[in-house]
Amino acid sequence: MTTNDVQDAVENVSQALDTAKDQNEQVAALEKFQTEVETDMRGMSAEESQDYMGKLTIELEQSGQLPALSLAYADQLGGNLDRDDLKSEMRTTNRFAAYGNHSARLDQVFLKYLTDNYDKGENLIEASNNNWVWTDSSISSDDISKKLTEFRENRDERKRVADNQEKAGPYAATLLNGGEKSLFNFIDRYSQNNSLSKLDLTRYLADAEASGSTDGMYAEHRQQTVRELLRNWDSEDKGTWMRGGFRNDGFASSGLSKESLLKSTGYASEQGLMAEYARRAADLTAENEAMQAEDEHPESDDESNSESQVESTDENVAGGDPEAELSAADDQNAVPSEALEQEEEPQSVPETVGVAKGDSYWRIAHKLLGESATNKEIFAKMMELQELNNNAPLIWNPDSQQQIVVALEKAEPAVRPNIVSI
C-alpha cells in the first residue's frame, strides 16, 4: 500500500462529487469510491489496512468530502437512523472488521461521523419545525436529502465565488498596476473621486479615439480591458461583482472603487495582487521563451516532440489563465525574423473542440492559433472563446469529454509584425 493509492482514491471521489448534479450522482460517487477502496485494500494485513484507513480518513477530512460521503452512506442504509440504529450498525461493522473484512473499516469512518454529528456540528437531524418545538427522533430520508442538497449548493457557491475572483483578477491588475501612475488614476484624473463611473470609462475611450494613440495609457490592451468592463458593467458575475455586489447581501455601487475592485479579487492588498500577477506573467514569458527555443532548434523526430508537448500540457490543472492579460501587455518576445518572411496556408478551425486534461481557455486559444501566435493574439482569441461559451468552467472528465464552441473560421496566417511593448 502506498500513499498514492489513498490520494488517488480521494482525488477521484472528489472529482465525482464536484460534478454531481443530484443526490443520485452523489450516492453513485460513494459506490464507486467504496469499490476503489475495497480493491486497494485487498490482500492487506490488519496493520496495513488500519494504516491505509487512517491516512484515508485524514485525506477525506482535509478535502472536505467526508460529510457528503457520510450522508450518502446514510442514504444507502435507507435513512431514518436514530442513535440506537447507528450504534447497532457500528457493532456490526466492528465485528466484520475484526474478522478481517477490510471494507468494513470504511463503514466505521462514516458511522463515526454520523454519530459524532447526530445533533450537533453538521446538524444532520432537524431539531424543530415551524409550529412546535420538538426533538426529531432520527436522521430521516428528508434530513439526508436536505443536507446533500445543501452540500451541492455550498459547493456551487464556492465555485462561483472562486470563478468570479479569478475573472476580476485581470481587470484589477490592469487598472491598478503602476501605483500613482496606474490606469485607474489616469481615468479618474478629471473627477478625482477615487471611483470610476460608466461616464469616466466612456470618456477614456472617446479620448483614446480622438487622439488616435495606441501607446502608453491608451495602449490597445488597456482600451480592450475598459471596453470589456463597460460591456459587462451590469453582469452579475463581472461588472456588478467588481462594484461590490459579490455577496448575497452585497450592494453594487454605481462606481468602481479601488477598494471594491481589490476585494472582488480576494486579495488582501494591491501588493499581493500585483506580486501574484507579476509571477504569473514571468512564468508565461519563460514558457514562451522555451517554446521559441524549441521552434528555433526543432527535434528531428517531429512526432516525438509533439507527443511530449501534449504530455506537458496534460500535467496542468484545467482552469482559466487570467495572467495572459498582463503578459499580453508586457510581452517582450519579438517574433523571429524568419516568421516575417514565411507564410503558411490558413487552416480550418472546427466548430467545437474537446477539453483535455490541463486545458484552459488560454491554452485552447494557443492551440487554435498555432505556436507562432503572440500573447496579444492569444489573449484576444481567449476572450472570444470565453464569450462564445459564456465563460463556462472547463472541467476535464475522461468519461464524458466536455465540448466548447470555437466557431468555424479561418486561422490567421503565420505572418505577424513585431510588437513593441510599452
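In the next few minutes I will go through a helix contact, a cavity and a salt bridge in this structure, which is a predicted model.

Let me begin with the two helices H3, which covers residues 46-63, and H6, which covers residues 104-116, whose axes come within 10 Å and cross at roughly 35 degrees. The crossing of these two helices, H3 and H6, is right-handed. If you look at where they touch, the H3 side contributes Ala46, Ser49, Gln50, Met53, Leu56 and Thr57, and these meet Arg105, Leu106 and Val109 on the H6 side. Sorted by character, the residues of this contact between H3 and H6 are five nonpolar, three polar and one charged.

Staying with helix H6 for a moment, I would point you to Lys112 and Asp116, whose side chains meet in a salt bridge with an N to O distance of 2.8 Å. Both Lys112 and Asp116 belong to H6, where they sit four residues apart, or about one turn of the helix. For the structure as a whole, the count comes to 18 salt bridges.

Now to the empty space inside the model: how many cavities of 30 Å³ or more does the structure hold? There is one of that size, and the largest cavity encloses about 40 Å³ of space. Its lining is made up of Ile187, Arg189, Tyr190, Asp200, Arg203, Tyr204 and Asp207. Helix H9, residues 198-211, supplies the largest share of that lining, with four residues. By character, the lining of the largest cavity divides into three nonpolar and four charged residues, with no polar ones.

Definitions and conventions
Residues are numbered from 1 along each chain as its sequence is written. This is a predicted model: local features need pLDDT of at least 70, side-chain atom pairs count only at pLDDT 80 or more; totals for chains, interfaces and linings use all residues. Side-chain values use heavy atoms; hydrogens and water are left out. Axes are lines fitted to C-alpha atoms, for helices over the stretch in contact, and angles run from 0 to 180 degrees between N-to-C directions. A crossing is left-handed if the near helix is turned anticlockwise from the far one by less than a right angle, and right-handed if clockwise. Contact means heavy atoms within 4.5 Å. Ala, Val, Leu, Ile, Met, Phe, Trp, Tyr, Cys and Pro count as nonpolar, Asp, Glu, Lys and Arg as charged, and the others, Gly among them, as polar. On a 1 Å grid over the protein atoms alone, a cavity is a set of points where a 1.4 Å probe fits but cannot get out, and a pocket is an open set with protein on both sides within 12 Å along at least five of seven lines; lining residues have an atom within 4 Å of a point. Grid points are joined across faces, edges and corners, and a volume is the space filled by probe spheres set on the points. A salt bridge is a side-chain nitrogen of Lys or Arg within 4 Å of a carboxyl oxygen of Asp or Glu.
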